[in-house]
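Q: Please take a close look at one part of this model and describe how it is built and what surrounds it. A connected account, suitable for a first-year student, would be appreciated.

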Amino acid sequence: MEKILLINGPNLNRLGKREPEKYGSTSLSKLEAGLKAFAAENNAEAVCYQSNSEGEIIDALHKAEDTEVQGIIINPGAYTHYSYAIRDAIAGITKPVIEVHITNIHAREEFRHVSVTAPVTRGQIVGLGIQGYNLALTALLHIIRRGN
């Protein structure tokens with residue numbers, strides 16, 4: 001059974017409360033429960049982690065490299081647009097990483113159009129709401145199970 005790590009970055013702990021017109025009304029705990037259930041339906045396990053701290057996210061990425069985690073889904077939040085440290089942490093591990101954003105970052109404020117982390121991930125899913133997390137899990141399982 002594959003183990004997938006979900007890392008949610010800053011302010012995602014406020015899902016369901018923060019700007020629900022953009023991010024929806026689903027809380028982080030419900031998002032995580034939904035992803036865990038979807039993983040179980042697909043004979044996988046999802047382990048969820050959230051931090052508002054750049055260094056803690058980097059530590060989680062490094063730790064994942066040395067564990068039985070086989071793939072990572074990450075929503076770096078605002079760090080997407082300027083954290084070269086998180087970018088370098090992703091580049092420095094061998095586990096496949098898929099970047100997810102609930103909103104379409106390319107249709108929002110100009111500063112959100114650039115992701116410094118996306119170029120070192122296997123792919124990016126944006127603008128599909130929380131369904132993007134399930135799509136990322138599906139993609140990771142395909143990568144892990146089929147090797148591509």
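A: Two strands pair if DSSP finds at least two bridges between them. The strands (E, at least two residues) and helices (H or I, at least four) are DSSP runs, numbered from the N terminus. The model is predicted, so local features need pLDDT of at least 70 and side-chain atom pairs pLDDT 80 or more, while totals for chains, interfaces and linings use all residues. Residues are numbered from 1 along each chain as its sequence is written, and side-chain values use heavy atoms, leaving out hydrogens and water.

The part chosen here is strand E4, which spans residues 97-101. E4 belongs to an open sheet of five strands, arranged in the order E2-E1-E3-E4-E5 with parallel pairing. E2 and E5 are the edge strands of this sheet, each pairing on one side only. E4 therefore has a place between E3 and E5 in the strand order. With strand E3, which covers residues 71-75, E4 pairs in the parallel sense over three bridges. One of the residue pairs involved can be named: Ile74 has Glu99 of E4 as its bridge partner. The pairing of E4 with E5 is also parallel and extends over four bridges. Here Ile98 has Gly123 of E5 as its bridge partner.

The surroundings of E4 may now be considered. Five of the five residues of E4 are buried (under 20% relative accessible area; exposed is over 50%, partly exposed in between, with a 1.4 Å probe and protein chains only). For this reason E4 is largely enclosed by the rest of the structure. Its side chains are divided between two directions: Val97, Glu99 and His101 point one way, whereas Ile98 and Val100 point the other way.

Ile98 leads to the interior of the model. It is among the residues with the most contacts inside the largest nonpolar core, a set of 23 residues. Such a core consists of buried Ala, Val, Leu, Ile, Met, Phe, Trp, Tyr and Cys residues joined through side-chain atoms within 4.5 Å. Leu15, Leu35, Ile73, Tyr133 and Leu137 are likewise listed among the residues with the most contacts in this core. At least two core residues are supplied by each of strand E1 (2-8), helix H2 (28-41), strand E2 (44-50), E4 and helix H5 (131-146). H5 gives the largest share, six residues. A second core, separate from this one, has 16 residues, including Leu5, Ile7, Ile57 and Ile86. In soluble globular proteins, nonpolar side chains tend to be buried together.

Leu15 offers a view of how one core residue is surrounded. Apart from neighbours within four places in sequence, its contacts (heavy atoms within 4.5 Å) are Tyr23, Thr26, Ser27, Leu28, Leu31 and Ile102.

On the way from E4 to strand E5 (123-126), the loop contains Thr121. This residue counts as buried, because its relative accessibility is 14%. When neighbours within four places in sequence are set aside, Thr121 is in contact with Ile90, Val97 and Glu99; Val97 and Glu99 are two of the residues that point one way from E4. The side chain of Thr121 also takes part in polar contacts (N or O atoms within 3.5 Å, one able to donate a hydrogen and the other to accept it; residues adjacent in sequence count only if both atoms are side-chain atoms). It reaches the backbone oxygen of Ala118 at 2.8 Å. A polar atom of the same Thr121 side chain lies 3.1 Å from the backbone oxygen of Gly123, and Gly123 is the bridge partner of Ile98.

A further buried residue is found in the loop that joins E3 to helix H4. There lies Ser83, which is buried with a relative accessible area of 0%. The side chains of Ser83 and Glu54 are joined by a polar contact of 2.4 Å. Ser83 touches Val116 and Thr117 as well as Glu54, when residues up to four places away in sequence are not counted.

The loop between E1 and helix H1 (20-23) provides a contrast in exposure. Asn11 belongs to this loop and is partly exposed at 36% relative accessibility. Its phi is near 75 degrees, a positive value in a residue other than glycine. Glu19, also in the loop between E1 and H1, has a phi near 40 degrees, again a positive value in a residue other than glycine. Glu19 is partly exposed, with a relative accessible area of 28%.
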